[in-house]
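Hi everyone, thanks for coming. I'll walk you through one protein today, starting with the whole fold and then stopping at a few residues. Have a look at it first.

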Amino acid sequence: MKNFEEIALDIRRSIFKTVCCNRAGHLASSLSSVEILTALYFGDILRYDPQNPEWEKRDRFIMSKGHAALALYYVLAKAGYYESKKVGTFCMEGTIFGGLATYGKIPGIEMTSGSLGHGLSFAAGIAKAGKLKGDTYKVYVMLGDGELQEGEIWEAAMFISHNRLDNLTIIIDNNEIQATGFSKDIISLGDLSKKWRSFGFHVIETDGHNIKQLIHTLALEADKPKVIVAKTIKGKGLSFAEGRQDWHYKMPSEIEVETGLKELGISGEELITNEKRI
């Protein structure tokens, strides 16, 4: 039995150390998605081969909320696609590990991310192609709740439902905060589950930080496209960032670095080592 909590904690520590050392990245957005990614890659959900990233029978994972790339980088490293120390160059000159992931440069990355909202259309195309070719791979796409305000999301939703793409699963990292404030105050999304059901999806609500519950939910079969509304906390694991709308872009202060090291069980020496590695 894998210790999923230890895997998630190790990824969370790596994210924090890299943000502190490089002074770059979307810390809070990355932290809210850690358990979802852990469930996907280590809970026997995704079918993949890190030694053969382009394996045709692999399942596809699309990170539509691309600003959480740092979390995905460390998950892929732990899954064996490359050495985790390489991610230490995150956002530095000449690195392949930019603030937004680039397809073709980093093994395991399926889509170049950028403007929010595009990932679902991209995933829909891959899922439709799989159906047309008779392939058995599945497609998973992670959306942020803020990007659900994009019109392209709902165009894709109609396409997916109309074509009954039951090989596609949408996971919503529902932390209720976006770049400039709380999602409900910018454009309220109302009852997310009811909204997605009205588009013809099978919808399940779950705790986005309970890995075993996530694995169970992800493994459930449905005869229609599936949406998992995962309730998460932006900045999960850091008391000074959890649920705070001002932490979309912020970097930790010296005091917050010390607090984070204590709360995540990281020694100051580890942070120094991380700096030297970079």
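Okay, so the secondary structure here comes to 11 helices and seven strands. By that I mean DSSP runs numbered from the N terminus: H or I with at least four residues for helices, E with at least two for strands. The radius of gyration is 18 Å, close to the 19 Å that the globule rule gives for 278 residues, so the protein is as compact as a globular protein of that length. That radius is taken over C-alpha atoms, and the rule is 2.2 Å times the number of residues to the power 0.38.

Before I go on, a word on where this comes from. This is a predicted model, where local features need pLDDT of at least 70 and side-chain atom pairs count only at pLDDT 80 or more, while totals for chains, interfaces and linings use all residues. Residues are numbered from 1 along each chain as its sequence is written, and side-chain values use heavy atoms, with hydrogens and water left out.

Back to the overall picture. Along the principal axes, the C-alpha atoms fill a box of roughly 55 × 45 × 40 Å. How much of the protein is buried? Buried residues make up 53% of the 278. Buried means under 20% relative accessible area, exposed means over 50%, and partly exposed is in between, using a 1.4 Å probe and protein chains only. The protein exposes about 12,300 Å², and carbon and sulfur atoms supply 50% of that. Those areas come from the Shrake-Rupley method with a 1.4 Å probe, and for residues only the protein chains shown count as cover.

Now contacts, meaning heavy atoms within 4.5 Å. Of the contacts with a separation of 6 or more, 73% are between residues 24 or more positions apart.

Let's go inside. In soluble globular proteins, nonpolar side chains tend to be buried together. A nonpolar core, for us, is a set of buried Ala, Val, Leu, Ile, Met, Phe, Trp, Tyr and Cys residues joined through side-chain atoms within 4.5 Å. Which members of the largest core touch the most others? Out of 61 residues, they are Ile-15, Leu-40, Tyr-41, Phe-61 and Tyr-73. Helix α4, residues 69–79, gives this core its largest share, 10 residues. Apart from that core lies another one, of 28 residues, with Met-111, Tyr-137, Val-141 and Leu-192 among them.

Take Tyr-73 from the largest core. Leaving out residues up to four places away in sequence, Tyr-73 touches partners including Tyr-82, Phe-90, Phe-97, Leu-100 and Ile-109.

And Tyr-137, from the other core? You'll find Tyr-137 in the loop between α5 (118–133) and β2 (139–144), and this tyrosine is buried, with a relative accessible area of 4%. Beyond four places in sequence, its contacts include Arg-47, Glu-56, Lys-57, Arg-58, Asp-59 and Arg-60. The C-alpha atoms of Tyr-137 and Ala-127 are separated by 8.3 Å, with their positions 10 residues apart along the chain.

Next, two threonines. Is Thr-206 buried or exposed? Thr-206 sits in strand β6, residues 202–207, and counts as buried at 7% relative accessibility. Outside its sequence neighbours up to four places away, Thr-206 touches Gln-213, Leu-214, Thr-217, Ile-228, Val-229, Ala-230 and Lys-231. Thr-180, by contrast, counts as exposed at 64%, in the loop between β4 and β5 (181–182). With neighbours within four places set aside, Thr-180 is in contact with Ile-186 and Gln-245.

Here's a pair I'd like you to find yourselves. Glu-254, in helix α10 (residues 254–264), is exposed at 70% relative accessibility. Its C-alpha atom is 9.3 Å from that of Cys-20, although the two are 234 residues apart along the chain.

Last stop, backbone angles. Which residue other than glycine has a positive phi of about 50°? That's Arg-164, in the loop between α6 (151–162) and β3 (168–174), and Arg-164 is partly exposed at 47%. Glu-176 also has a positive phi, near 65°. Glu-176 lies in the loop between β3 and β4 (177–178) and is partly exposed, with a relative accessible area of 39%.

That's my tour, so go ahead and rotate the model.
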